[in-house]
Every structure is written in structure tokens, then in C-alpha cells.
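Here is a friendly walk through one protein model, written for someone who likes to check each residue on screen. Please keep the viewer open as you read.

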Amino acid sequence: MKFYKANLFIAASLMIIFSVGCKENKPGNDSLRTVILTHPSPINGSSSEEYSGIIEEGKSVNASFMADGKINRLLVKEGDRVKKGQLIASLDDSDYQIGVNQLKTQFHQMTEEKKRMDEMFARHNIAPNDYEKFTAGYEQLRLQVEMAENKLGYTNLYSPTDGYISEKFMEPGELVGAGTPVYKITDDSSLIASLDLPVEMYIHRNNIVSTVGFSPVFQDNSIPLGIESFTPNPSNNMLYQMKLNIPQKYAGNLSPGMNIRVDITVNEGGTEGYEIPSRAILKENETTYVWVFNVSDSTITKKAVNVVGTPVDKKITVSGLSGQEAIVETGVKQLYEGEKVNVAKNSDYSL
């Protein structure tokens, strides 16, 4: 009887181990991260208009010599790309070099004289007043040598920024004054969108809550834009110019002169947008995102949004959503693009 009970106990133990092992090896969703979903709550009182704009360079600088003279060499031409600190032009420096040599000769002679004066002063063979006058003259000549060497260095023109040569104003052999532009250098790493707005939109400029750009270069992806400025004086057609900053990560694929469509949303009464939990917001660098759940394959993707105002009662208003998205509410910092997730049963979004 004891032998039978022992065999029965061993058999039962093996069944439990086998059952647990099968359960652990069985493929399923137990290893997936579980998230809580929510839905954006619309806040009414807004309208959107679409305008056409042009992409322009964000910054251009004129490169000029700090000295007068005759242009000896122009080392770059229009369209060439340059790096900050790159030599791009030079003046005829022969006169400046002569001036430096003359002063250096005088300074060398005076340096030898200073050694003799130092010895005499140490032996009290020269009046302190005379020694001070000599020392002051010596220091003045040293500064003249330094200034002359600086002017010699000013005969070389270096690029003040990265970019490309958009204009060339001078030619070799021409006389140029200090500060006269020789090149115009455009930094195309920062771009802006420029568009003309009617007076109705200009009047409501302080109520703009969203500015989003669209370009064929990015197909269906939108470009979040930031307002840089408005021109207060209208054109002859009574249009007001608006300039918008384009994030640098988009600028590399865009070029000045390209067309861009800009969707502008204006709050006509109260706050506009969609309300979501504050903890659903993910900030990376200068961009704000939310995680959107894809019902078809249970994966998540990031979507850029613009925050409107400040959080109230753990809720925040954003623009850039359609209102149909399933938004991940919790643990947004631990998620990654394309991750497959489980949906918690207590989510307030019905799939």
C-alpha cells in the first residue's frame, strides 16, 4: 500500500511539472507590456484654414574683410558649400607685410636697448622718471606691432558660418573697403516657411493654436511648425506676411523655393483642441508626442502634437489629433516605436 501511494505521489508531481512547463512554453501575450488606452475628448470652438507658402532660408550673412585693399583671390564661387572658418578670399597683403616688418625691426632694436636700460636702472644709473618714459614707449611700440600683425591677418577672409555661397559681389583686382560685402552666405540648415495671410487671419493671430505644414517630400506626414513672426505692415494686396520655423530634422530634406501647404487652426471662442491625460504626453528634444495604438496589429506609433495651454486637473489640451485615435495613457517613457502591447481591461477606449 505504501508502495502504491509513493508511485501515485510521483506521478502526480510529474504531471504538475509537465503542466507548468507547458504553460510557460506556450506562446501567448503574457510577455507583452500592458497599457491603458484613452480617447481624446474634443473641445469645440475652432476653425482651420489652409494656405500656400514658400520655404526660405532661415539665416543669411554677408562676409566682408576687416581691412581695406585690393582683392587678390576669391576662392569660392556661387553655389559652393563652405564651412565656418574656411578661407574664402584674400587681399593683396604686401603693404601690410612691409608695415609689420618695419615695426618688428624697430621693436627688435628697442628690445636690445631695453636690456641696457634695465641694467642701468638696476645700478641706479638712470632716473626713475626717464626709465618709466622709456618703458612706456617700449610698451607702445609692442602694441603697434600687435596691431599691425592683426591688420595683416585681416587680409584673409574666413567664412563666418556653415552654408553655401548664395551671392558674390566682388571680383579679383577690385578695391574693397573694410565692411564691404564680398559674399552672401546662406545657412540652409535652418529653414522657415513664409506665407501671406488675409487681414481676417492677421486679426486673429493671437488666437492661433496650431500651425502644421504638409509637403510632397514627406508624403502623408505633417510637419509641426512654430510661429516666428508677423509683418505688421500689409503688402499692396493687403496681405500680411507670416514666418514659421521648420524643425531642423525636417530641414535636411527640404530646399529653399519649395512650396509648402500650411494648415492654421484658430480658436474662435474658448480653448481649442482635444483633451487627454497629462501623463500621456511624451517629450523628446523639442517635440511633443503621444503613443497611438494601431488596432489592426496591436502595435504603437508616435504622433507629434502641439500642447495648448497648461495642464488642468491632470488633463491637457493638444492639437494635431483627429479625435479618432486610441491614445496610450500610462508608461509612455518605457515604450518604443512599433512595440506590440496588450490593452488593459480598464481602458476607457472601446476597441
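The report below moves from the whole chain to a sheet, the nonpolar cores and the salt bridges.

## The chain as a whole

Please bear in mind that this is a predicted model. The protein chain has 351 residues, and buried residues make up 34% of them. Its secondary structure consists of five helices and 23 strands.

How much of the contact map links residues 24 or more positions apart? Among contacts in the protein chain with a separation of 6 or more, such pairs account for 75%. The accessible surface of the protein chain is about 21,400 Å², and carbon and sulfur atoms hold 50% of that area.

## A four-stranded open sheet

One good place to start is an open sheet of four strands, paired antiparallel in the order S8-S7-S5-S10. Which strands stand at the edges? They are S8 (156-158) and S10 (175-176); each has a single partner strand, so one side of each is left without a neighbour in the sheet.

Strand S7 covers residues 87-91 and runs antiparallel to S8, with three bridges joining the two. To find this pairing in the viewer, look for Ala89, which stands opposite Leu157 in S8.

## Nonpolar cores

The largest nonpolar core holds 21 residues, and the members that touch the most others are Leu195, Ile223, Ile246 and Ile264. Several elements each supply at least two residues of this core: S4, strand S11 (181-197), S15, helix H5 (248-251) and strand S16 (259-267).

Ile223 is worth selecting on its own. Setting aside neighbours within four places in sequence, Ile223 is in contact with residues including Thr211, Val212, Phe218, Ile246, Pro247, Tyr250 and Ile260. Ile246 thus appears both in that contact list and among the core members that touch the most others. There is also a second, separate core of 17 residues, with Ala63, Phe65, Ile165 and Met170 among them.

## Salt bridges

Side chains of opposite charge can pair when their charged atoms come close. How many salt bridges does a search of the whole structure find? The search gives 14. In one of them, Lys243 pairs with Glu56, and the closest N and O atoms are 3.1 Å apart. This pair links distant parts of the chain, 187 residues apart: Lys243 lies in strand S15 (residues 240-246) and Glu56 in strand S4 (residues 46-64). Is Lys243 buried or exposed? Its relative accessibility is 17%, so Lys243 counts as buried, whereas Glu56 is partly exposed at 27%. Strands S4 and S15 have already come up, as each supplies at least two residues of the largest nonpolar core.

Glu284 and Lys302 also meet through their side chains, at 2.8 Å from N to O. Here too the pair links distant parts of the chain, with Glu284 in strand S18 (residues 282-284) and Lys302 in strand S20 (residues 299-312), 18 residues apart. Glu284 is partly exposed at 32% relative accessibility, and Lys302 is partly exposed at 29%. Elsewhere, salt bridges with shared partners join Glu139, Arg142 and Glu146 into one network. Finally, Asp80 and Lys77 form a salt bridge with an N to O distance of 3.4 Å. Asp80 is partly exposed, with a relative accessible area of 21%, while Lys77 counts as exposed at 53%.

Technical notes: Residues are numbered from 1 along each chain as its sequence is written. This is a predicted model: local features need pLDDT of at least 70, side-chain atom pairs count only at pLDDT 80 or more; totals for chains, interfaces and linings use all residues. Side-chain values use heavy atoms; hydrogens and water are left out. Two strands pair if DSSP finds at least two bridges between them. A salt bridge is a side-chain nitrogen of Lys or Arg within 4 Å of a carboxyl oxygen of Asp or Glu. Buried means under 20% relative accessible area, exposed over 50%, partly exposed in between (1.4 Å probe, protein chains only). A nonpolar core is a set of buried Ala, Val, Leu, Ile, Met, Phe, Trp, Tyr and Cys residues joined through side-chain atoms within 4.5 Å. Contact means heavy atoms within 4.5 Å. Accessible areas come from the Shrake-Rupley method with a 1.4 Å probe; for residues, only the protein chains shown count as cover.
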